[in-house]
Amino acid sequence: MNSRNASGETGQTLRQRMMEILLRGQGTGVRELSQELHIPEREVYAHLDHIARSLAARGRRFDVVAARCLDCGFVFADRRKLRPPGRCPRCRGTHLQRPQYRIITS
Ligand SMILES: [Zn+2]
């Protein structure tokens, strides 16, 4: 096992915990991950990037639950990126349900 660093946890351990959260399977947003793991949102994105890449080879799939406009219901179905869209292309609203993330095991 990795030894703990000054901030308490190694990146490895942190990603392990993040994967356990994502494996619950109901979709977890960046804010929840940030709060549960006690790291800033920008670090959550960095770890998600890494997890999404490293999963490809292991029979598990990283899934992005698409963002959705809370004003008109538009679903950003073709936008399977990690980072949320800025505004809705249909109504131009900025009141968006941000993407959520999960790991699907096959
Ligand atoms: Zn909209």
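**Close-up views of a predicted model**

**View 1. Strands S2 and S5 as paired neighbours.** Asp63 is placed opposite Arg102, a residue of S5. The coordinates shown here, as in every view below, belong to a predicted model. Another pair in this region is formed by Arg61 and Ile104, the latter being the bridge partner in S5. Six bridges join S2 and S5, and the pairing is antiparallel.

**View 2. The open sheet and its edges.** Three strands make up an open sheet in the order S1-S5-S2, and the pairing is antiparallel. Strand S1 (28-29) and strand S2 (60-65) are the edge strands, each pairing on one side only. Which residue of S5 is the bridge partner of Gly29? The partner is Gln100. S1 and S5 are joined in the antiparallel sense by two bridges, whereas six bridges link S2 and S5.

**View 3. The chain as a whole.** Three helices and five strands constitute the secondary structure of the chain. Their succession along the sequence is α-β-α-α-β-β-β-β. The chain has 106 residues, of which 12% count as buried. Among contacts between residues at least 6 apart in sequence, 50% connect residues at least 24 apart.

**View 4. Helix H3 against the sheet and against helix H2.** H3 lies across S2 and S5, and its direction makes an angle of about 135 degrees with S2. A second neighbour of H3 is H2: the two helices pack with their axes 9 Å apart and at an angle of about 100 degrees. H2 is therefore roughly perpendicular to H3, since angles of 65 to 115 degrees count as such. On the H2 side, the contact consists of Val30, Arg31, Leu33 and Ser34; on the H3 side, Glu41, Val44 and Tyr45 take part. By character, the residues of this contact comprise four nonpolar, one polar and two charged.

**View 5. The largest nonpolar core.** Which residues form the largest nonpolar core? There are nine: Met18, Leu22, Val30, Leu33, Val44, Leu48, Phe62, Tyr101 and Ile103. At least two core residues come from each of helix H1 (11-22), helix H2 (30-37), helix H3 (41-55) and strand S5 (100-105). In soluble globular proteins, nonpolar side chains tend to be buried together. Val30, Leu33 and Val44, which are members of the core, also belong to the contact of H2 with H3. Met18 is another member of the core. When neighbours within four places in sequence are left aside, Met18 is in contact with Leu33, Leu37, His47 and Ile51.

**View 6. The surroundings of Cys69.** Cys69 is located in strand S3, which spans residues 68-69. Is Cys69 buried or exposed? Cys69 is buried, because 21 other C-beta atoms lie within 10 Å, and 20 or more suffice for that class. Apart from residues up to four places away in sequence, Cys69 touches Phe74, Cys88, Arg90, Cys91, Gly93 and Leu96. One of these residues, Cys91, is 22 residues from Cys69 in sequence, and the C-alpha to C-alpha separation is 8.7 Å.

Technical notes: Residues numbered from 1 in each chain as written. Predicted model: local features only at pLDDT ≥ 70, side-chain atom pairs only at ≥ 80, totals over all residues. Core = buried A, V, L, I, M, F, W, Y, C linked by C-beta atoms within 7 Å. Helix = DSSP H or I, 4+ residues; strand = E, 2+ residues; numbered from the N terminus. Contact = placed C-beta atoms within 7 Å. Pairing = 2+ DSSP bridges. Axes fitted to C-alpha atoms, helices over the stretch in contact; angles between N-to-C directions. Parallel < 35°, antiparallel > 145°, perpendicular 65-115°, else oblique. Nonpolar A, V, L, I, M, F, W, Y, C, P; charged D, E, K, R; others polar.
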